[in-house]
Amino acid sequence: MAIKLDLVGKKSAPINHAYGWKDVVLYALGVGAKLDELDFLFEMNGPKVLPTFAVVPSFSALVAVSSQLGANPMMILHGEQKIQLHRPIPPSGQLSTVAEVTGIYDKGTGALVTVHAKTTDDKGEPVFDNWFSTFVRGEGGFGGERGPEALKADPLEGQAPDFAMTEKTLPEQAALYRLSGDLNPLHISPQFAKMGGFDRPILHGLCTYGFAGRAFLRHACGGDPRRFKSFAARFAGVVFPGDALTTEGWQVEPGRWVLRTRTQDDRVVLSNSVAETV
């Protein structure tokens with residue numbers, strides 16, 4: 001099945017997303033928030049919204065683009081994710097996202113699809129942007145450009161991280177996170193996991209991304225979402241529910257950090273990660 005190369009440059013129709021405080025609290029629980037982060041869990045405290053919640057309203061854009069590619073959904077992998085916040089996300093509202101396919105590149109064994117999604121509020125004011133890339137296995141070799149080089153962001157060699165935060169995910173973590181919108185059965189059904197080549201269900205990459213985002217928010221932003229500017233990461237490995245995740249951060253210049261997330265057996269699962277503070 002040939003991938004549809006003519007999608008490049010095309011924009012989606014606006015994708016609307018209405019949400020309330022229960023949705024942002026459910027997301028926070030889905031990415032591991034604890035009672036010592038009560039401002040993100042209690043409606044009478046706002047609640048505050050985790051910056052990485054930005055992936056939730058735009059997730060429908062990722063699904064819409066993937067469905068138009070003409071590829072087998074089981075062959076599509078989420079490769080990279082970046083968010084940029086224009087202001088703190090309100091605890092409820094009506095949002096609208098327009099997504100544009102910015103490139104489809106020939107990587108030989110597969111095709112790399114890049115998408116930029118812009119999200120605005122009900123007054124048309126920007127709230128946040130998402131950039132994501134997907135890798136479509138088996139759809140390379142069509143003679144296209146290889147595309148830009150991937151961002152290189154390695155931890156500072158020989159230097160201890162400025163912070164490290166370890167948390168153990170729940171055995172039920174994927175079952176909880178999927179309630180925020182990613183209902184792919186790969187993350188909950190043993191049968192579908194085996195069809196995808198795994199011996200048991202795997203954790204959503206965006207759930208791991210949310211754990212790392214919470215670590216950055218706590219240690220680099222003092223827990224203040226107003227200081228969280230952007231976060232980009234590559235999904236480098238598989239996480240299983242119940243794994244422990246350690247996110248480390250190195251400040252490489254004022255307001256700019258390199259992050260890395262690994263499991264208890266030292267497998268790197270988020271790499272080439274760069275986050276910025278305001």
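Is N272 buried or exposed? Keep that in mind as you work through these exercises on a predicted model; the last one returns to it.

**Exercise 1. Trace the sheet from edge to edge and find which strands lie at its borders.**

*Solution.* Start with the strand order. The sheet is open and has 10 strands, arranged as β1-β3-β4-β5-β2-β7-β10-β9-β8-β6. The pairing is antiparallel.

Next, look at the two ends. β1 (15-19) and β6 (163-168) are the edge strands, each with pairing on one side only.

Finally, add the twist. On average, neighbouring strands of this sheet are turned by 20 degrees against each other, with direction ignored.

**Exercise 2. Describe the surroundings of strand β7, and of F231 in particular.**

*Solution.* Take one neighbour at a time. Strand β2 (residues 76-85) pairs with strand β7 (residues 228-235) through 5 bridges, in the antiparallel sense. Within β7, A233 stands opposite Q81, and F231 is the bridge partner of I83.

Now turn to strand β10 (residues 268-277), which pairs with β7 over 6 bridges, again antiparallel. Here S271 in β10 is the bridge partner of R234.

How covered is β7? Of its 8 residues, 6 are buried, so the strand is mostly covered.

Then zoom in on F231. Leaving aside neighbours within four places in sequence, its contacts include Q81, K82 and I83, as well as Y209, A212 and G213. S273, V274 and A275 are also among them.

Last, place F231 in the wider packing. The largest nonpolar core has 66 residues, and L69, I89 and F231 touch the most other members. Helix α5 (residues 205-220) supplies the largest share of this core, with 9 residues.

**Exercise 3. Work out why C207 and C221 do not form a disulfide.**

*Solution.* Begin with the overall search: it finds 0 disulfides in the whole structure.

Then check the distance. For C207 the closest cysteine sulfur is that of C221, and because the separation is 19 Å, it is too far for a bond. A disulfide would need the sulfur atoms within 2.5 Å. Starting from C221 gives the matching result, with C207 as the closest partner at 19 Å.

To finish, check the exposure of each residue. C207 is buried, at a relative accessible area of 0%, and C221 also counts as buried, at 1%.

**Exercise 4. Classify two aromatic pairs by their geometry, and say which parts of the chain the rings come from.**

*Solution.* A ring pair is described by the distance of the centres and the angle of the planes. The structure holds 8 such pairs.

Take Y27 and Y177. Their centres are 6.1 Å apart and their planes make 65 degrees, an edge-to-face pair. Y27 belongs to helix α1 (residues 21-30) and Y177 to helix α3 (residues 173-177), so the pair links distant parts of the chain, 150 residues apart. Both rings belong to buried residues.

Now take F163 and W257. With 5.7 Å between centres and 50 degrees between planes, this pair is tilted. It joins strand β6 to strand β9 (residues 256-263) across 94 residues, and both F163 and W257 are buried.

As a last step, widen the view: Y19, Y27, F53 and Y177 form one aromatic cluster.

**Exercise 5. Find which residues of α1 are buried and what covers them.**

*Solution.* First list the buried residues of α1: V24, V25, Y27, A28 and G30. Then look for their cover, which includes β1, α2 (55-68), α3 and α5. Finally, step past the helix to G32, where phi is positive, near 95 degrees.

**Exercise 6. Locate the unusual backbone geometry, ending at N272.**

*Solution.* Recall the background: most residues other than glycine have a negative phi, and most peptide bonds are trans.

Check the peptide bonds. G46 and P47 are joined by a cis bond, with omega about -15 degrees. P47 sits in the loop between α1 and α2.

Then check phi. D266 has a positive value, near 70 degrees, and lies in the loop between β9 and β10. N272 also has a positive phi, near 45 degrees, but its place is in strand β10.

That brings back the opening question: N272 counts as buried, because its relative accessibility is 10% and the cut-off is under 20%.

Technical notes. Residues numbered from 1 in each chain as written. Predicted model: local features only at pLDDT ≥ 70, side-chain atom pairs only at ≥ 80, totals over all residues. Heavy atoms only, no water. Pairing = 2+ DSSP bridges. Helix = DSSP H or I, 4+ residues; strand = E, 2+ residues; numbered from the N terminus. Axes fitted to C-alpha atoms, helices over the stretch in contact; angles between N-to-C directions. Core = buried A, V, L, I, M, F, W, Y, C linked by side-chain atoms within 4.5 Å. Buried < 20%, exposed > 50% of the residue type's maximum accessible area, 1.4 Å probe, protein only. Contact = heavy atoms within 4.5 Å. Phe/Tyr/Trp six-rings, centres within 6.5 Å; stacked < 30°, edge-to-face > 60°.
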